[in-house]
Amino acid sequence: MGTASGEPAAQPPSSYHAAQSRGGKPTLERAAYEGKAKRVVSQPDGVAHIYYKDDATAFNGARHELFEGKGTLNSQITERLFEYLAGHGIPTHHLGRVDERTLAAKWVDIIPIEAVVRYKVAGTLAKRTGLDHLTECDPPIIEMYYKRDDLGDPLINDDHVRQLGLATPMELDWIRAMARQAADALRDLFLKAGIDLVDLKFEFGRTADGELVLADEISPDTCRFRDLATGEILDKDLFRFDEGDLLAGYRKLLAHLDRALAANVQS
Ligand code: C5P
């Protein structure tokens with residue numbers, strides 16, 4: 001596991017390594033992937049360029065709108081958070097910035113599992129359990145979802161992961177531990193920024209070398225944030241539930257985050 005001193009996390013043995021040594025096909029030539037909010041294009045030497053679009057979607061694409069500047073904001077927030085996590089011993093795919101809205105990352109095969117860490121009840125957890133909105137979850141609840149748009153990204157457990165062959169039991173343990181460690185580090189950081197990190201979603205991937213890393217994005221599209229002082233929503237719920245100005249919320253989040261990161265460096 002990673003450490004707060006920035007030591008890289010120990011890796012679980014990978015089934016991918018075994019596939020490679022059996023002559024498994026390298027996967028780097030894959031051209032491009034267009035997601036709902038990002039476009040990923042492969043570059044030479046196992047690098048991916050991840051272009052952050054201005055599209056906002058909700059409820060599995062049922063709602064869709066453009067917010068000019070959202071892509072740039074999400075790329076900036078993601079960049080800062082991946083860099084912060086790398087400094088806390090979490091291996092990530094992030095390599096650097098390419099342009100205003102494009103980040104460079106290691107090309108990975110995304111494991112089709114969405115790991116959600118919840119510090120407070122919201123969203124589908126409230127719906128599924130009837131628990132009151134913003135009830136504290138202590139310890140945090142960690143859930144796994146099967147990343148399959150055509151199935152509506154269903155909630156799954158370890159037995160489903162094994163049955164579907166999505167990850168080995170050791171990889172799944174590692175994913176769960178890394179998700180908790182990364183989420184705890186981010187929750188601490190956001191507390192210093194005066195922001196309540198309610199819940200968030202992580203994705204992990206395997207590099208061509210078989211290393212497991214945190215991947216995808218970490219932004220207000222994939223986390224729930226509340227301003228601790230005012231209770232204001234600062235995430236995609238602004239769009240999902242018509243709660244207010246999405247861009248203003250994302251800008252405010254970035255400004256708070258930058259202040260906390262600057263204070264972190266000084267202390
Ligand atoms: O919708 P739900 O309450 O399950 O979402 C939990 C967290 O995971 C939220 O922060 C949401 O933004 C994030 N999420 C995501 N992508 C999904 C599903 C949820 O980023 N496909």
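**Exercise 1. Find the atom of the ligand that lies 2.5 Å from the side chain of T124, and look at the surroundings of the ligand.**

*Solution.* Start at T124: an N or O atom in its side chain is 2.5 Å from an oxygen atom of the ligand. Keep in mind that you are looking at a predicted model.

Next, turn to R118, where a polar side-chain atom lies 2.8 Å from an oxygen atom of the ligand. Then go to E114: here the partner is a nitrogen atom of the ligand, 3.2 Å from an N or O atom of the side chain. As for surface, the ligand taken alone exposes 450 Å², and the protein buries 82% of that.

Now widen the view. The ligand is surrounded by 16 residues, and the closest are R118, T124, D199, R224 and R240. Sorted by character, this shell has eight charged, five nonpolar and three polar residues. To place the shell in the fold, look at β9 (113-120), α3 (123-129), β12 (195-207) and β14 (223-227), since each of these elements supplies at least two of its residues.

**Exercise 2. Work out how helices α5 and α7 are oriented to each other, and which residues meet.**

*Solution.* Two packed helices are described by the angle between their axes and the distance between the axes. Locate α5 at residues 169-192 and α7 at residues 246-266. Their axes are 8 Å apart and make an angle of about 100°. Angles from 65 to 115 degrees count as roughly perpendicular, and α5 and α7 are therefore roughly perpendicular to each other.

Now list the partners. From α5 come L189, F190 and K192; from α7 come L253, L257, A260, L261 and N264. The residues of this contact divide into six nonpolar, one polar and one charged.

**Exercise 3. Examine the backbone at L134 and at the bond between D138 and P139.**

*Solution.* First, recall the background: most residues other than glycine have a negative phi, and most peptide bonds are trans.

Begin with L134, which you will find in the loop between α3 and β10. Its phi is near 70°, a positive value in a residue other than glycine.

Move along to D138 and P139. The peptide bond that joins them is cis, with omega at about 5°. To see where this belongs, note that P139 is found in strand β10, which covers residues 136-146.

Key: Residues numbered from 1 in each chain as written. Predicted model: local features only at pLDDT ≥ 70, side-chain atom pairs only at ≥ 80, totals over all residues. Heavy atoms only, no water. Axes fitted to C-alpha atoms, helices over the stretch in contact; angles between N-to-C directions. Helix = DSSP H or I, 4+ residues; strand = E, 2+ residues; numbered from the N terminus. Parallel < 35°, antiparallel > 145°, perpendicular 65-115°, else oblique. Contact = heavy atoms within 4.5 Å. Nonpolar A, V, L, I, M, F, W, Y, C, P; charged D, E, K, R; others polar. Near = heavy atom within 4 Å. Polar contact = N/O pair within 3.5 Å; in protein donor to acceptor, adjacent residues only side chain to side chain. Areas by Shrake-Rupley, 256 points an atom, 1.4 Å probe, with all protein chains shown as cover.
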